[in-house]
Each structure stands twice: as structure tokens, then as C-alpha cells.
Amino acid sequence: MQVATTRLTSLALIIALAAAVAGCGPSTPVTPASTTPDTTGASVATSTTAATPSTPVAPAPGPITAPATGSASRAAILQAVAKGLGVSGNITVYQLFTDSIAAVGDIQGSSGPRTFVALTGGPGAWKLAWTAPFGSSLANAKDLVATAPRVSAALAGKLDFKKIVKKPAAAPTLSSFKTFALKSARSFAGSTYTGSFAVTAKIAKDSSGAWWGNAVSEPATSGLEPIGVWGTYSGGKWTGEIADYSTDGADGAFFPADVLAKLAL
């Protein structure tokens with residue numbers, strides 16, 4: 001029994017020794033991982049960070065100006081006013097100011113009430129942003145800026161919300177001057193001539209806006225001299241004098257130089 005145990009112990013020692021000898025042998029080399037990118041066709045996911053879109057910078061206002069008549073900026077603003085109000089025809093402008101990104105005005109269409117307006121989106125995309133009838137409780141700078149905050153207080157303050165404007169007098173008609181010329185000719189001819197006259201006439205406006213008229217009344221009875229009448233229009237009526245054909249330059253003394261050619265008969 002003791003012999004068997006001894007044999008088993010010896011066998012275990014031999015096995016342990018063999019294992020230890022085996023562990024001291026050369027180890028299998030390990031090939032390091034390649035650092036060269038795989039280009040054999042396998043796709044490699046690439047992580048990219050999406051660029052954050054930049055916020056558009058709003059244009060800064062410029063100095064406040066009154067756009068000149070006939071200027072491109074004035075035309076663009078009034079075109080937007082007409083579109084926003086739905087009006088056509090001529091627009092009378094009493095006040096108009098802009099700082100290039102906003103505009104305020106006091107206008108009146110060919111028909112309709114006088115109206116205060118404010119626009120934003122300039123200079124390339126004007127759009128009506130606020131309106132108030134003249135004389136209404138809404139026609140004030142505070143309400144304007146509150147409704148259209150892109151309009152600065154300085155720009156809104158340019159408007160005179162109580163401005164009194166004098167409407168231009170209606171232009172005279174050619175017919176009204178012919179009536180005046182005929183009456184003047186009859187008065188000059190006196191009661192001795194009761195026949196008719198054929199009146200030829202022209203009217204013209206000078207550079208200051210005043211109207212002038214020139215007429216010749218031809219008597220129907222042959223042998224009678226034509227009667228000329230020169231006139232000017234003021235205060236809604238014609239006044240004037242019998243033309244002086246006997247003095248050279250008399251017409252130049254009566255009419256402004258810029259209407260003489262327009263009144264030639």
C-alpha cells in the first residue's frame with residue numbers, strides 16, 4: 001500500500017516537471033496590429049460636426065434724410081406705399097423721411113384721406129408696416145414705434161403729426177380763359193359791335209406754378225381788327241388786359257420769359 005502511494009507521488013512530480021519545462025520554451029511571436037489604414041474596400045465611418053449657420057446681421061440705419069423728388073429711393077418707397085395701401089394714380093407727399101432701413105411719411109392718394117405711413121425692409125425690400133389717418137388718435141410717434149419697432153424714435157420724431165398743408169389751387173381750364181377773353185373783347189369793342197367773335201387761345205404754367213393766357217378774338221364782321229387779350233390766373237379767377245400789338249416787346253413785359261413760346265398763337 002505504501003509502495004503504490006509512492007509511485008503515484010513520483011508520477012505527479014514527473015508531470016509537474018514536464019509542464020514546467022514546457023513553459024520555459026520559446027513563446028509564439030505576436031504580430032502587432034497594423035497602423036496602416038485599410039484601403040481594401042471596407043468603408044470607414046467618418047464623424048463630422050455640422051457647421052452652425054451664422055445669424056444674418058441686420059443692416060444698420062444711416063443718417064435720416066428726405067429723399068429727393070425723382071430719386072430712386074423715393075420712387076421705391078412710394079411704390080411700396082401704393083402697393084400696401086392698394087392705391088393707384090398720383091400720390092401727394094407732404095412729408096417723407098428715411099434712414100435707409102425704415103421710412104416714415106405723410107401722404108395722400110389721388111382719392112382717399114391723408115394718411116401717415118411707416119415702412120421697413122429698406123433699402124431693397126420696402127414693406128408697409130404701419131398706417132394712421134391724419135388727425136386720428138393713432139397718429140403719434142409713440143404708437144408708430146410700438147407697432148413698427150424697426151422704426152427708430154428719432155425717425156418717427158421727424159414727422160409733424162399736426163402739420164397744416166395748403167392744397168394747391170385747381171388748374172384753370174382753357175375754356176375758362178376763352179370765356180374771360182371773349183368778355184374782355186366785347187367790353188373793349190363796346191356796344192357798337194353786336195356781332196360774334198371766334199376766339200383762339202392758349203394757356204401755360206410758368207416755372208413758379210402761375211398760369212398765363214393769350215387769346216385773339218376775331219370779329220365775324222369783315223374789316224374789323226382782331227382783339228388780343230392777355231391774362232393771368234390768381235385766386236381762382238382770370239385778370240388781364242387788352243394786348244398791345246403796337247409796341248415791340250410788350251408781350252415780353254407782360255408774360256414771364258419761360259411761357260412766351262408756349263403761348264404763341
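**An antiparallel sheet, its packing helix and the largest pocket**

Strands S5 and S6 are paired in the antiparallel sense through nine bridges. The model in which this pairing is found is a predicted one. Within the pair, Ala204 has Trp212 of S6 as its bridge partner. Five residues lie between the two strands of this hairpin, and Gly209 there adopts a positive phi near 100°.

Strand S6, which spans residues 211-219, is also joined to strand S7, residues 227-234, by seven bridges, and these two strands likewise run antiparallel. Asn214 is placed opposite Trp230 of S7. Together, four strands make up an open sheet with antiparallel pairing, in the order S5-S6-S7-S8. The edges are occupied by strand S5 (197-205) and strand S8 (237-242); each has a single partner strand, and therefore one side of each is left without a neighbour in the sheet. On average, and with direction ignored, neighbouring strands of the sheet are turned by 25° against each other. Helix H5, formed by residues 174-189, packs on this sheet and touches S5, S6, S7 and S8. The direction of H5 makes an angle of about 130° with that of S5.

The largest pocket encloses about 250 Å³ of space. Its lining comprises 13 residues, of which Ala169, Ala170, Gly209, Trp211 and Tyr233 are the closest to the centre. Gly209 of this group is the residue with positive phi in the hairpin of S5 and S6, while Trp211 falls in the range of strand S6 and Tyr233 in that of strand S7. By residue class, the lining consists of eight nonpolar, four polar and one charged residue.

Two further backbone features occur in loops between other strands. Ser100, in the loop between strand S1 (91-98) and strand S2 (102-109), has a phi near 85°, which is a positive value in a residue other than glycine. Pro123 is located in the loop that lies between strand S3 (114-120) and strand S4 (127-133). The peptide bond joining Gly122 to Pro123 is cis, with omega of about 5°.

As to the confidence of the prediction, the chain has a mean pLDDT of 84, and 78% of its residues reach 70 or more. Residues 1-28 have a pLDDT below 50, and this stretch has zero contacts in the model beyond near neighbours in sequence. For residues 30-48 the pLDDT is also below 50, and zero contacts are again found beyond near neighbours in sequence.

Notes. Residues are numbered from 1 along each chain as its sequence is written. This is a predicted model: local features need pLDDT of at least 70, side-chain atom pairs count only at pLDDT 80 or more; totals for chains, interfaces and linings use all residues. Side-chain values use heavy atoms; hydrogens and water are left out. Two strands pair if DSSP finds at least two bridges between them. Axes are lines fitted to C-alpha atoms, for helices over the stretch in contact, and angles run from 0 to 180 degrees between N-to-C directions. Contact means heavy atoms within 4.5 Å. pLDDT is the predictor's confidence in each residue, from 0 to 100. On a 1 Å grid over the protein atoms alone, a cavity is a set of points where a 1.4 Å probe fits but cannot get out, and a pocket is an open set with protein on both sides within 12 Å along at least five of seven lines; lining residues have an atom within 4 Å of a point. Grid points are joined across faces, edges and corners, and a volume is the space filled by probe spheres set on the points. Ala, Val, Leu, Ile, Met, Phe, Trp, Tyr, Cys and Pro count as nonpolar, Asp, Glu, Lys and Arg as charged, and the others, Gly among them, as polar.
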